[in-house]
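Welcome! Here is a short briefing to read with the structure open beside you. Take the topics one at a time and find each residue as you go.

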Amino acid sequence: MDKPAKVVFSEADDMGAPLGMLVLSYGEGVHGKPLLGGLLVDKDHRRTGIASRLVRRAEQHALENGEPRIFAVTHPSNRATRELMKSLGYTEMILLDKKLG
């Protein structure tokens, strides 16, 4: 079975209101590896474990689809996400970007 191009993971409260989301994109990371991005958590529900659960679910999905490695992307100024990802075992890398045209 082919992997989907993108998978959206989300978490909601008991009433169905969205609390957080994360996008896992296959084939878009370094060397075609899966890439995590678009991590969002409602400001009133941050630091409650939602982001960690979303990341772990995405990691499990990647493993179940034969991917032994995963990458994550965030803006350098997003200290909270950078610290979260490091606490989950991610190694910070330098990525350079240039807008063309």
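Let us begin in helix 1, which spans residues 50-64 and includes E59. Please keep in mind that this is a predicted model. From E59 we will move to a second glutamate, then to the sheet, and finally to the pockets.

**Two buried glutamates**

- Is E59 buried or exposed? Its relative accessibility is 17%, and buried means under 20%, so E59 counts as buried.
- Once neighbours within four places in sequence are set aside, the contacts of E59 are I70 and Y90.
- E67 sits in the loop that runs between helix 1 and strand 4.
- With a relative accessible area of 10%, E67 is buried as well.
- Which residues does E67 touch, apart from neighbours within four places in sequence? They are K3, Y26, K33, P34 and A62.

**The sheet**

- Four strands make up an open sheet, with mixed pairing and the order 1-2-3-4.
- Strand 1 (6-12) and strand 4 (71-72) are at the edges with a single partner strand each, so one side of each has no neighbour in the sheet.
- As general background, strands of a sheet pair through backbone hydrogen bonds, in either a parallel or an antiparallel way.

**Strand 2 and its partners**

- Strand 2 covers residues 18-25. Six of its eight residues are buried, so the rest of the structure largely encloses this strand.
- How many bridges join strand 1 and strand 2? There are seven, and the pairing is antiparallel.
- One of the residue pairs to look for here is S10 with M21, its bridge partner in strand 2.
- Strand 1 and strand 2 also form a hairpin, with five residues between them. In that turn, G16 has a positive phi of about 90°.
- Strand 2 also pairs with strand 3 (residues 35-41), again in the antiparallel sense, over five bridges.
- Two positions can help you follow this pairing: G20 is opposite V41 of strand 3, and S25 is opposite L35 of strand 3.

**The largest pocket**

- This pocket holds about 760 Å³ of space.
- Its lining is made of 25 residues, and those nearest the centre are A72, V73, T74, M93 and L95.
- Strand 4 and helix 2 (79-87) each give at least two residues to the lining of the largest pocket.
- Which element supplies the largest share of this lining? It is helix 2, with four residues.
- By residue type, the lining of the largest pocket has 13 nonpolar, six polar and six charged members.

**The second largest pocket**

- The space in the second largest pocket comes to about 390 Å³.
- Sixteen residues line it, and R46, R47, A51, A80 and L84 are the closest to its centre.
- Strand 3, helix 1 and helix 2 each contribute at least two residues to the lining of the second largest pocket.
- Helix 2 provides the largest share of this lining too, with four residues.
- The lining of the second largest pocket divides into seven nonpolar, six polar and three charged residues.

**Where to look again**

- Helix 2 is a good place to return to, since the largest share of the lining comes from helix 2 in the largest pocket and in the second largest pocket.
- Helix 1 is worth another visit too: it holds E59 and supplies at least two residues of the lining of the second largest pocket.

Conventions: Residues are numbered from 1 along each chain as its sequence is written. This is a predicted model: local features need pLDDT of at least 70, side-chain atom pairs count only at pLDDT 80 or more; totals for chains, interfaces and linings use all residues. Side-chain values use heavy atoms; hydrogens and water are left out. Two strands pair if DSSP finds at least two bridges between them. Buried means under 20% relative accessible area, exposed over 50%, partly exposed in between (1.4 Å probe, protein chains only). Contact means heavy atoms within 4.5 Å. On a 1 Å grid over the protein atoms alone, a cavity is a set of points where a 1.4 Å probe fits but cannot get out, and a pocket is an open set with protein on both sides within 12 Å along at least five of seven lines; lining residues have an atom within 4 Å of a point. Grid points are joined across faces, edges and corners, and a volume is the space filled by probe spheres set on the points. Ala, Val, Leu, Ile, Met, Phe, Trp, Tyr, Cys and Pro count as nonpolar, Asp, Glu, Lys and Arg as charged, and the others, Gly among them, as polar.
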